[in-house]
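Welcome! Here is a short briefing to read alongside the sequence and the 3D view. Take a moment to look at both before you go on.

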Amino acid sequence: MNNRRSGIEGENAAVEYLKKHGYVILERNFNTKVGEIDIIAEDKDTLVFVEVKARDNTKFGQPIESITYQKVRSIKRTAEWYLSAKRMTNRYCRFDVIEILRGEITHTKDAF
């Protein structure tokens with residue numbers, strides 16, 4: 001399976017997982033000039049920015065291990081842009097990672 005297709009299927013699985021656990025999906029693939037966020041959702045009163053990493057194997061390590069410092073910085077900057085553009089102030093925010101490895105989902109809350 002190619003990386004693009006794996007990524008799309010992973011994001012679809014992550015959205016279904018989040019919905020099943022009571023999250024409300026606000027945005028998918030939110031792009032700005034500073035970066036991209038895979039999923040933006042609400043978990044009760046918390047705004048959650050979700051990075052999805054899907055892999056078929058661990059040849060290059062666990063999926064979460066592929067998130068670099070630069071990627072974290074980009075996600076945080078994009079989140080700041082989103083909050084500003086949507087005029088969302090005084091919202092509690094969290095950054096989660098959903099890993100999908102051979103179809104198994106691992107959800108790490110407050111990952112960074």
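Let's begin with one pair of residues: Ile98 stands opposite His107 in strand 5. Please keep in mind that this is a predicted model. From that pair we can move to the strands around it, then to the whole chain, and then to the side chains.

**Strands 4 and 5**

- Strand 4 covers residues 92–101, and strand 5 covers residues 104–108.
- How many bridges join strand 4 to strand 5? There are five, and the two strands run antiparallel.
- The two strands form a hairpin with two residues between them.
- In this hairpin, Arg102 takes a positive phi near 50 degrees.

**The whole chain**

- If you count the elements, you will find two helices and five strands.
- Following the sequence, they come in the pattern α-β-β-β-α-β-β.
- The chain is as compact as a globular protein of its length, because its radius of gyration of 14 Å is close to the 13 Å that the globule rule gives for 112 residues.
- Along its principal axes, the C-alpha trace spans about 40 × 30 × 20 Å.
- Buried residues make up 38% of the 112 in the chain.
- Take the contacts between residues at least 6 apart in sequence: 55% of them join residues at least 24 apart.
- The accessible surface comes to about 7,000 Å², and carbon and sulfur atoms account for 46% of it.

**Aromatic rings**

- Searching the whole structure turns up five aromatic pairs.
- Why is the pair of Phe49 and Tyr82 called edge-to-face? Their ring planes stand at 85 degrees, and planes over 60 degrees apart count as edge-to-face. The ring centres are 6.0 Å apart.
- This pair links distant parts of the chain, with Phe49 in strand 3 (residues 46–55) and Tyr82 in helix 2 (residues 69–85), 33 residues apart.
- Both Phe49 and Tyr82 are buried.
- Phe49 also pairs with Phe95, and here the rings are stacked, with 5.4 Å from centre to centre and 25 degrees between the planes.
- That second pair also links distant parts of the chain: Phe49 in strand 3 and Phe95 in strand 4 are 46 residues apart.
- Like Phe49, Phe95 is buried.
- Which residues do ring pairs link into a cluster? They are Phe30, Phe49, Trp81, Tyr82, Phe95 and Phe112.

**Around Ile67**

- Look for Ile67 in the loop between strand 3 and helix 2.
- Is Ile67 buried or exposed? Its relative accessible area is 15%, and buried means under 20%, so Ile67 is buried.
- Leaving out residues up to four places away in sequence, Ile67 touches Glu51, Lys53, Val72 and Val97.
- Ile67 and Lys53 are 14 residues apart in sequence, and their C-alpha atoms are 8.5 Å apart in space.

**Salt bridges**

- Side chains of opposite charge can pair when their charged atoms come close.
- The structure holds six salt bridges.
- One of them joins the side chains of Glu27 and Lys86, at 3.6 Å from N to O.
- Glu27 sits in strand 1 (residues 24–32) and Lys86 in the loop between helix 2 and strand 4, so this bridge links distant parts of the chain, 59 residues apart.
- Glu27 counts as partly exposed at 22% relative accessibility, and Lys86 counts as partly exposed at 42%.
- Two residues that touch Ile67, Lys53 and Glu51, also meet in a salt bridge of 3.5 Å, N to O.
- Both ends of this bridge are buried: Lys53 has a relative accessible area of 16%, and Glu51 has 3%.
- Salt bridges that share partners join Asp43, Lys44, Arg94 and Asp96 into one network.
- Within that network, Asp43 bridges to Lys44, with the closest N and O atoms 3.9 Å apart.
- Asp43 counts as buried at 11% relative accessibility, whereas Lys44 is exposed, with a relative accessible area of 75%.

Methods
Residues are numbered from 1 along each chain as its sequence is written. This is a predicted model: local features need pLDDT of at least 70, side-chain atom pairs count only at pLDDT 80 or more; totals for chains, interfaces and linings use all residues. Side-chain values use heavy atoms; hydrogens and water are left out. Rings of Phe, Tyr and Trp (its six-membered ring) pair if their centres lie within 6.5 Å; planes under 30 degrees apart count as stacked, over 60 as edge-to-face and the rest as tilted. Helices (H or I, at least four residues) and strands (E, at least two) are DSSP runs, numbered from the N terminus. Buried means under 20% relative accessible area, exposed over 50%, partly exposed in between (1.4 Å probe, protein chains only). Contact means heavy atoms within 4.5 Å. A salt bridge is a side-chain nitrogen of Lys or Arg within 4 Å of a carboxyl oxygen of Asp or Glu. Two strands pair if DSSP finds at least two bridges between them. The radius of gyration is taken over C-alpha atoms; the globule rule is 2.2 Å times the number of residues to the power 0.38. Accessible areas come from the Shrake-Rupley method with a 1.4 Å probe; for residues, only the protein chains shown count as cover.
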